[in-house]
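Reader: Could you walk me through this structure, one piece at a time? I would like to follow the reasoning as well as the answers.

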Amino acid sequence: MNKTLILLAAICAFASHTIAQEDAGIMKLDEFRYPKQRKIIDIPNVNGLQVLKCDFHMHTVFTDGHVWPNVRVQEAWKEGLDAIAFTEHVEYTPHKDDVKPGNLRPHELAKNLAAEQNILLIKGTEVTRNTPPGHFNALFIQDDKNLVVPRDSDLDEQAIQAVVDQKAFIFWNHPGWKAKQIEGSYEWIPFVDKMYKEKNLHGIEVVNGFGFHKKALDWALDRNLTIIGNTDIHNLIAHEYDIERAGVHRTMTLVLAKDRSAQAIRTALEAGNTVAWSSDYLFGKEEHVRALFHACVKLSPSFYSKSNGKKAESKYYELQNNSDLYFELQLVDGKGTKNIVLRPKSSQIVIADAGQTKLSYEVMSTYVRSDQHLKIELSL
Ligand SMILES: [Zn+2]
Ligand SMILES: [Zn+2]
């Protein structure tokens, strides 16, 4: 037996000894166990800013959600999010006989796990008035002691003032959720207009869960309010989103931030540097959606050209999507490939007639107004 074999035999003997010791009468059956790993949502920096994946609206058992706060942190870690906020209903606590209400209690219970898993936890609450005016999320509150609990309409202003006094970042949630049931509720109502004029409204939830609130996007654009997308999840994320399927992600806000910190998120939210991302779609101010597109999608120099007899010469290019976002392009001007689907981390061949300087496309998977997609040019 040479020296290597002796060493190998020694290692094997040691290993089997270790297993026997750990066994203690229980054989481990880990084959079906979920592999503990964090997904990476890959989105390149945009003009030197990091693209943080954030969900600023969710519930736990402390109001009308179905999960304990730690579960929200575990979900966020698994899905590759950077920041979340618990936003429990101030005025609505259906589990109060079983779980002692406390709007910041979920934050307290989950903050250590969040720190250990590198998830930024932002303090928040949902001011839940009757509709209209409806619900408003307040982020970066300090405490939950002076929030207005009674739901009487004459206290609506006072309820907002209670979070204004805490210098919260405030956005109007799901403006259209009762559009069919309550006439006049899905409008730019005087209550909201007053908040806006007094600079107490800073953003609008344009996507809530699986719904794009079209009018809300235009209101946000016309008034320079921050565009937000959230889950408003009450159940397990995996109960609502087909999260194990490739490419599936929860609804979220992409925050273009100077660094990965709660302070940088606040600064970016106040500056309106966001894009909402839900399903295959991006929703945002044109400048941000454009910058995001160009950070992710690059056209190669022409690598081949072909003469087609009498017809013009064709030039071949490669259009590459370096991100986990999805882009669908439709030609609007120029002679070239008409429809391009860029799935996450993939490329397509683009063919253009020679002698042109550009092709113009509409990016159908984006909304820069409720009735308008981003228009881009590919320089040839
Ligand atoms: Zn709500
Ligand atoms: Zn909610």
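Author: Happy to! A residue is called buried here if 20 or more other C-beta atoms lie within 10 Å of its own, and exposed if 12 or fewer do. Please keep in mind that this is a predicted model.

Reader: Which residues of helix α3 are buried, and why do they line one face of the helix?

Author: Seen down the axis of α3, the buried residues fall within an arc of 90 degrees, so they line one face of the helix. On the other side of α3, the exposed residues are N112, A115 and E116. The buried residues of this helix, which spans 105-116, are P106, H107, A110 and A114.

Reader: What covers the buried residues of α3?

Author: The cover includes a helix as well as strands. Just past the end of α3, by the way, N118 has a positive phi of about 60 degrees. As for the cover itself, it includes α2 (69-79), β2 (83-86) and β3 (120-128).

Reader: How far apart do the C-alpha centres of domain 1 and domain 2 lie?

Author: Domain 1 covers residues 50-284, and domain 2 covers 297-379. The distance between their C-alpha centres is 36 Å.

Reader: Which element gives the most to the side of domain 1 that touches domain 2?

Author: The contact draws on 11 residues from domain 1 and 9 residues from domain 2. On the domain 1 side, α6 (214-222) and β11 (281-284) each supply at least two residues. By class, that side has 5 nonpolar, 2 polar and 4 charged residues. The element that gives the most, with 5 residues, is α6.

Reader: Which strands stand at the edges of the open sheet that contains β15 and β18?

Author: The sheet has 4 strands in the order β16-β15-β18-β20, with antiparallel pairing. On average, neighbouring strands are turned by 35 degrees against each other, direction ignored. An edge strand has a single partner, so one side of it is left without a neighbour in the sheet; that applies to β16 (339-342) and β20 (374-379).

Reader: What is the bridge partner of L359 in β20?

Author: Strand β18 spans residues 358-363 and runs antiparallel to β20, with 6 bridges joining them. In β20, L359 is partnered by L378.

Reader: At about what angle does helix α9 run to β20?

Author: Helix α9 is made of residues 286-296. The helix lies across β15 (327-333), β18 and β20, and its angle to β20 is about 35 degrees.

Reader: Which residues make up the covered face of strand β14?

Author: Strand β14 runs from 314 to 321 and has one covered and one uncovered face. The uncovered face holds S314, Y316, E318 and Q320. The covered face is K315, Y317, L319 and N321.

Reader: How many bridges link β14 to β17, and what is the partner of Y317 in β17?

Author: β14 also pairs with β12 (297-299), antiparallel and over 3 bridges, where K298 is matched with Q320. Another 3 bridges join β13 (304-306) to β14, again antiparallel, and S305 has K315 as its bridge partner. With β17 (346-353), the antiparallel pairing of β14 comprises 8 bridges. In β17, the bridge partner of Y317 is V350.

Notes:
Residues numbered from 1 in each chain as written. Chains lettered and ligands numbered in written order. Predicted model: local features only at pLDDT ≥ 70, side-chain atom pairs only at ≥ 80, totals over all residues. Arc of directions from axis to C-beta. Contact = placed C-beta atoms within 7 Å. Domains from an automatic or database assignment. Nonpolar A, V, L, I, M, F, W, Y, C, P; charged D, E, K, R; others polar. Pairing = 2+ DSSP bridges. Axes fitted to C-alpha atoms, helices over the stretch in contact; angles between N-to-C directions.
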